[in-house]
Amino acid sequence: MDGDPFTAWQSDGARGAEGEWLEVRCLAPLDPAGAQITVGDGAGPATSRIVVTTDQGSVDQPVTPGRRQNLQVAPGPTMSLRVAASATGGTTSGPGGAFAVSELAIPRVAVGHPLVTPGVGSAAYLTAADGAR
């Protein structure tokens with residue numbers, strides 16, 4: 001989503017990677033055909049399968065972390081696209097495993113308000129307490 005392969009969204013991993021998800025919601029229906037994903041290396045066992053859910057249905061597919069690949073999606077327009085981890089390394093990850101996505105590209109979709117975080121070594125931090133203020 002940000003075009004930077006060195007950044008990633010990562011779930012908290014408290015309950016393992018399976019079932020953790022990232023969702024994109026759109027302001028108008030779109031055709032997600034041609035969407036691509038790069039699954040990142042999360043904490044714990046690597047994610048090996050994902051489920052892609054749109055308004056038209058769900059498709060389960062294998063993934064290889066670190067490799068950009070096409071998403072298999074149910075054909076037809078949708079208002080949202082959800083990617084969920086469904087398996088890790090052929091086994092469940094258990095506590096401590098996380099699902100990570102380093103890139104998600106959907107044709108004709110641009111991020112309206114990108115989140116820019118401090119660079120490595122920056123003294124700025126956001127904690128749960130800061131966010132609650």
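User: Contact means heavy atoms within 4.5 Å. Which residues does Glu20 touch, not counting residues up to four places away in sequence?

Analyst: This is a predicted model, where local features need pLDDT of at least 70, side-chain atom pairs count only at pLDDT 80 or more, and totals for chains, interfaces and linings use all residues. Numbering starts from 1 along each chain as its sequence is written, and side-chain values use heavy atoms, leaving out hydrogens and water. Glu20 lies in the loop between strand E1 (9-10) and E2 (strands, at least two residues, and helices, H or I, at least four, are DSSP runs numbered from the N terminus). Beyond its sequence neighbours, Glu20 touches Ser11, Asp12, Arg15, Val83, Ala84, Ala85 and Phe99.

User: Is Glu20 buried or exposed?

Analyst: Buried means under 20% relative accessible area, exposed over 50%, partly exposed in between (1.4 Å probe, protein chains only). The relative accessible area of Glu20 is 14%, so Glu20 is buried.

User: Which strand gives the most to the largest nonpolar core?

Analyst: Such a core is a set of buried Ala, Val, Leu, Ile, Met, Phe, Trp, Tyr and Cys residues joined through side-chain atoms within 4.5 Å. This one has 19 residues, and Ile37, Ile50, Leu71, Leu81, Val83, Phe99 and Leu104 touch the most other members. At least two core residues come from each of E2 (21-30), E3 (36-39), E4 (47-54), E7 (78-88) and E8 (100-105). With four residues, the top contributor is E2.

User: Which strands stand at the edges of the open sheet, and why is one side of each left without a neighbour?

Analyst: Strands pair if DSSP finds at least two bridges between them. Four strands run in the order E2-E7-E4-E5, with antiparallel pairing. Each edge strand has a single partner strand, so one side lacks a neighbour in the sheet; these strands are E2 and E5 (57-62).

User: Which residue in E7 is the bridge partner of Val24?

Analyst: E2 and E7 pair in the antiparallel sense over six bridges. Within E7, Val24 has as its bridge partner Leu81.

User: What is the phi of Arg108?

Analyst: Arg108 sits in the loop between E8 and helix H1 (128-131). At 67% relative accessibility, Arg108 counts as exposed. Most residues other than glycine have a negative phi. In Arg108 phi is positive, near 65°.

User: What percentage of the residues of the protein chain count as buried?

Analyst: The protein chain has one helix and eight strands, in the pattern β-β-β-β-β-β-β-β-α. Of its 133 residues, the share that counts as buried is 32%.
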